[in-house]
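Student: Could you take me through this structure feature by feature, giving the general idea before the particular case?

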Amino acid sequence: MKSYLFLLLFAVSCVTVPKIHEIKTMSEVEKWIVPNTLVLFDLDNTIFEATDLVAHANFFNDMLKKYPGQREKTLQKTWGAIKKSDVKLIEPITPQVIRDLQNQGVAVMALTSRDMELLEPTLRQVKSVGIDFSKSCPKASSRYIHEGILFADDDYPKGPALLAYLKKANFRPSRIILVDDLKRNLDSVGRAAGAIGLYYPLVDKKRHLEWDEKEAERRWLEQ
Ligand SMILES: [Mg+2]
């Protein structure tokens, strides 16, 4: 009886535990493609990072953690900065990787947790790095999709947001891949849609060299 129970638990855990693999460069994405794959890319700290410190995802994530009671202040500061900030690619090869997938007919989308209030700057920033996510994005009418970029947020996590969209698009990929720098997003999309998570921690790995924690906090504390 015990062994049956163990087997049952094992089978259930195989279905629900998301598969997450760390990658060192965007050029590794291609080897995960099988026929009828959908590839999703996170934006912040995956495709690009803000050139302005307050607009950077590190600022947002750190200050939310440090001052959880002042979420609204962190949001307003970050959003205001994102509206004005430029971005730079994490890896120069990324736009070419995406173009190659699109040219092979692979379905590609972006999946971001940015609020819809940031729609205009998001479209501007994606364009500025030479990426067009609309080229092979599965089509459906939804207020959350713009130029191949699907917007989720804290109240509407990436997993459920993606599932709802794919249902609307009537699109059933044989494999879903999400490239993201945050494990909680890989977990959300893995659990909701069975996606394979490609964990991309490049910004985190260079953090000790490039990120000025003290300056970030000073900027948060100023008016
Ligand atoms: Mg990110």
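Tutor: Let us begin with one pair of residues in the sheet, where isoleucine 20 stands opposite glycine 197 in S9. Please keep in mind throughout that this is a predicted model.

Student: How many bridges join S1 to strand S9, and in what sense do the two run, parallel or antiparallel?

Tutor: In general, the strands of a sheet pair through backbone hydrogen bonds, either parallel or antiparallel. Here S1 and strand S9 (residues 196-199) run parallel and are joined by 4 bridges.

Student: In what order do the strands of the open sheet follow one another?

Tutor: The open sheet is formed by 7 strands in the order S1-S9-S8-S2-S5-S7-S6, and the pairing is mixed. Strand S1 (19-22) and S6 stand at the edges with a single partner strand each, so one side of each is left without a neighbour in the sheet.

Student: Which strands does S2 pair with, and which residues stand opposite one another?

Tutor: On one side, strand S2 runs parallel to strand S8 (residues 175-180) through 5 bridges, with threonine 37 standing opposite arginine 175. Strand S2 (residues 37-41) is also joined to S5 by 4 bridges, again in the parallel sense; there leucine 40 has methionine 109 as its bridge partner, while phenylalanine 41 stands opposite alanine 110. As 4 of the 5 residues of S2 are buried, this strand is largely enclosed by the rest of the structure.

Student: How should I read the two faces of S5, and is each of them buried or exposed?

Tutor: The general idea is that in a regular strand the side chains alternate between the two faces of the sheet. In S5, Ala107, Met109 and Leu111 point one way, whereas Val108, Ala110 and Thr112 point the other way, and all are buried. The strand is accordingly described as mostly covered, with 6 of its 6 residues buried. S5 also pairs with S7 in the parallel sense over 3 bridges, and leucine 111 has leucine 150 in S7 as its bridge partner.

Student: Which residues have the most contacts inside the largest nonpolar core?

Tutor: In soluble globular proteins, nonpolar side chains tend to be buried together. The largest nonpolar core of this model has 51 residues, and those with the most contacts inside it are Val39, Leu40, Val108, Leu150 and Leu178. Strand S5 (residues 107-112) gives the most to this core, contributing 5 residues. For leucine 150, leaving aside residues up to four places away in sequence, the residues touched are Met109, Ala110, Leu111, Tyr144, Ile145, Ala161, Leu162 and Tyr165.

Student: Some of those residues bring us to H6; which of its residues are buried, and how are they arranged around the axis?

Tutor: An α-helix has 3.6 residues a turn, so residues three or four places apart point the same way. In H6 the buried residues are Lys158, Gly159, Ala161, Leu162, Tyr165 and Leu166. Seen down the axis of H6, these buried residues fall within an arc of 165°, so they line one face of the helix. They pack against S5, strand S6 (145-146), strand S7 (149-151) and helix H7 (183-193), and H6 lies across S5, S6 and S7, running at about 120° to S7.

Student: What span should helix H6 have, and what does the model show?

Tutor: At 1.5 Å a residue, the 12 residues of helix H6 (residues 158-169) should span 16 Å, and the end C-alpha atoms are 16 Å apart, which agrees.

Student: Where do residues with a positive phi occur?

Tutor: One of them is asparagine 170, just after H6, with a positive phi of about 50°. Asparagine 45 has a positive phi of about 65° although it is not a glycine; this residue lies in the loop between S2 and strand S3 (48-50) and is buried, with 22 other C-beta atoms within 10 Å. Glutamate 147, also not a glycine, has a positive phi of about 50° and sits in the loop between S6 and S7, where it is partly exposed, with 16 other C-beta atoms within 10 Å.

Student: Where does tyrosine 156 lie, and how is its exposure classed?

Tutor: Tyrosine 156 lies in the loop between S7 and H6, and with 13 C-beta neighbours inside 10 Å it counts as partly exposed.

Definitions and conventions: Residues are numbered from 1 along each chain as its sequence is written. This is a predicted model: local features need pLDDT of at least 70, side-chain atom pairs count only at pLDDT 80 or more; totals for chains, interfaces and linings use all residues. A nonpolar core is a set of buried Ala, Val, Leu, Ile, Met, Phe, Trp, Tyr and Cys residues joined through C-beta atoms within 7 Å. A residue is buried if 20 or more other C-beta atoms lie within 10 Å of its own, exposed if 12 or fewer, and partly exposed in between; C-beta atoms are placed from the backbone. Two residues are in contact if their C-beta atoms, placed from the backbone, lie within 7 Å. The expected span of a helix is 1.5 Å times one less than its number of residues. The arc is that of the directions from the helix axis to the C-beta atoms. Two strands pair if DSSP finds at least two bridges between them. Axes are lines fitted to C-alpha atoms, for helices over the stretch in contact, and angles run from 0 to 180 degrees between N-to-C directions.
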